[in-house]
Amino acid sequence: ESFGDFKGELGDMSVRVKVDKEAGTLTVSDHGIGMDADDIERYINQIAFSGAEEFLEKYKDTANAIIGHFGLGFYSAFMVSKQVEIVTLSYKEGAKAVEWTCDGSPEFEMHEIEKADRGTDVILYIDDDNKEFLEQVRVDTLLRKYCRFLPVPVISGKEQEWKDGKYVDTDRDKAVNATEPLWTKKPADLTDEDYLKFYRELKPGEEDPMFWIHLNVDYPFTLTGILYFPKIKNNIDIRHNRIQLYCNQVYVTDQVEGVVPEFMMLMQGVIDSPDIPLNVSRSYLQADQQVKKISSYISKKVAEKLDKMFRDNRAEFEKKWNDIEVFIKYGMLTDEKFYDAASKFFLLRDISDHYYTLEEYRTLVEPTQTDKEGDVVYLYATDRTAQYSYSKGAEEKGYNVLLLDGQLDQHLIQMLESKLGKTRFVRVDSDTPERLIPKKDEKSADVTPLQADLLTGIFRSQIPTIENTNFIVEYNSLSAADAPATVTQNEMMRRMKEMAAMQQGMNFYGQMPDMYALVVNTEQPAVKKILADAVEALETEVVPLRNKVEGDNAEIEKAVGSTRSSEEKIIADYAAGQPLVKQIIDLALLQSNLLRGEALAAFIRRSVSLL
């Protein structure tokens, strides 16, 4: 507030930070408005010695306003110093320069001194435990982190250059900060090169980003910033320190959960908002309504940017798709509003690398891939090479096969099934091409019970033993040109196991053996031959045994039936002599209004005799 009163020449407004290893001091000097003895009394002594708690109580409703004011932060200097000196001269007419010294106890000394220029020096005598703060590199690292974009220049040490095999100081001051960072400028005044240069400063050594979003809002809250979209391969790396949060160019935190939607933790960059308080805590951020608005605004801007990229140059967007799909899928899975916006530009890719929006794909496959229940079946492969022959078989039937090989795709499939309605996703190896999409005219395999037994026995006995894997043998009447047999894996069982692997507490499914079907094509010539040969070779031996099994079964059933009847008669005879049983049944029947006629008369007689 005093700054407004100052009408003189501003001069050099830099803040200088100087390390003096010999003297063991770290000095911060400014050329600001300075303080006189009254100011020190008011801002330094009173606050410190009246107790910070009382002070905080007084300002609790404007907690944000006090951060960085009134000398409160100044007392953190004693955390690393055995003694602190302030040397200051106020801008006020006729003011006297003052030196104040304190060792962190409530005792201090203050006296007048000579000082040529207005402004303040704070001199920290670093204590023995904190000698790291006398190392120029350590000090520069901290300044770079916390003061990198402060609006006033911060000078620390000298620029260096390489001379005679080592770096030596020049006489040029080294500024650690950019006082007008890119996000404070108008997007219209910036080129792509400006944005890329800023990114390289933020993230040295990283591959250039694919695109960026310059945020610039002043209503209903103030928010500026630049978010970059780095290349992401298929592994999600949600590091929670890629985005830095500033308040009026003052660094606040790089833990921005709550301020940006979770899926945007994949982005990198800076956001600056005076509406996010400096004294942030995570619980505060998660509860604050203003912060929630900021989060949904950012999500909306990102969706708009992607939508514009898609509409302006679809071919370019498709080229970028492999690098950005993880981000978009993650957003759709975790943010309902983003899903709604993204469903316009979300792309499905098929195994021939053609791209379709959700709407285009529906139009493409609905005519050929609707099953007899009226569900549209989306066929997909998770491994282009391993499932090649299955995909080829499906394509020969006129079907399209999607490639869903990303780490989020199993979750995505379930989400799309619930959102799209009348839609099933079926992996291309979960059945034979003819049975992937059940249509009305399916022809059943025409085999007699004897043939079925022979085929099952012949094929099952020859399947090698595979650990934790079970096979069943099925028959299908395909065309003579189709493969003699195909191994398929039931879609629902496989999904259960895959989800179990991802989630704890579903071990029951995870421990179940893998179930496969060997589907034998009874129309294929080799299978027909095997069957005919088997019938000829084995019928004379097998048919008598089959008849014996059936006969034995009939005998056993007859004997068992007779024994069971005897057992039932003994029990019934016993029950007939138990009036209490009858009574319980009759009461229940009576309650349901089912006890009538003779049974009712018998009940009344029995009730009387039981009294």
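**Helix packing, cavities and local features of the predicted model**

The protein contains 19 helices and 21 strands, where helices (H or I, at least four residues) and strands (E, at least two) are DSSP runs numbered from the N terminus. The model is a predicted one, in which local features need pLDDT of at least 70 and side-chain atom pairs count only at pLDDT 80 or more, while totals for chains, interfaces and linings use all residues. Residues are numbered from 1 along each chain as its sequence is written, and side-chain values use heavy atoms, with hydrogens and water left out. Of the 611 residues, 40% count as buried; buried means under 20% relative accessible area, exposed over 50%, and partly exposed in between (1.4 Å probe, protein chains only). Among contacts (heavy atoms within 4.5 Å) between residues at least 6 apart in sequence, 67% join residues at least 24 apart.

Two helix pairs can be described in some detail. The axes of helix α7 (residues 289–312) and α8 come within 8 Å and cross at roughly 150°. These axes are lines fitted to C-alpha atoms, for helices over the stretch in contact, and angles run from 0 to 180 degrees between N-to-C directions. Helix α7 is therefore roughly antiparallel to α8, on a scale where angles under 35 degrees count as roughly parallel, over 145 as roughly antiparallel, 65 to 115 as roughly perpendicular and the rest as oblique. On the α7 side the contact involves Val 302, Leu 306, Met 309, Phe 310 and Asp 312, which meet Arg 314, Phe 317, Lys 320, Ile 324, Phe 327 and Ile 328 of α8. By class, the residues of this contact are eight nonpolar, no polar and three charged; Ala, Val, Leu, Ile, Met, Phe, Trp, Tyr, Cys and Pro count as nonpolar, Asp, Glu, Lys and Arg as charged, and the others, Gly among them, as polar.

The second pair is α14 (residues 449–462) with α17 (residues 525–576), whose axes lie 9 Å apart at an angle of about 105°. The two helices are therefore roughly perpendicular to each other. Helix α14 contributes Pro 449, Leu 450, Gln 451, Asp 453, Leu 454, Leu 455, Ile 458 and Phe 459 to the contact, and α17 contributes Val 527, Ile 530, Leu 531, Ala 534, Val 535, Leu 538, Glu 539, Val 542, Val 543 and Arg 546. This contact has 14 nonpolar residues, one polar and three charged.

Val 527 also serves as a reference point for Ala 480: the two are 47 residues apart along the chain, and their C-alpha atoms are separated by 9.7 Å. Ala 480 sits in the loop between β19 (469–476) and β20 (485–489) and, at 45% relative accessibility, counts as partly exposed. Apart from neighbours within four places in sequence, Ala 480 is in contact with Glu 523, Gln 524 and Pro 525.

Strands β19 and β20 reappear in the second largest pocket, where they are among the elements that each supply at least two lining residues, together with β18 (423–427), α13 (433–436), α15 (491–502) and β21 (514–521). A pocket is an open set of points, on a 1 Å grid over the protein atoms alone, with protein on both sides within 12 Å along at least five of seven lines; a cavity is a set where a 1.4 Å probe fits but cannot get out, and lining residues have an atom within 4 Å of a point. The second largest pocket has a volume of about 350 Å³, a volume being the space filled by probe spheres set on the points, with grid points joined across faces, edges and corners. Its lining comprises 21 residues, and those closest to the centre are Ser 430, Asp 431, Gln 489, Asn 490 and Glu 491. Helix α15 gives the most to this lining, with four residues.

Two cavities of 30 Å³ or more are found in the whole structure, and the largest has a volume of about 80 Å³. Of the 13 residues lining the largest cavity, Glu 325, Lys 329, Leu 403, Leu 404 and Asp 409 lie nearest its centre. Helix α8 (314–334) and strand β14 (347–349) are the elements that give two or more residues to this lining.

Strand β14 also borders the loop, ahead of β15 (355–357), that holds Asp 353. Phi of Asp 353 is near 60°, a positive value in a residue other than glycine.
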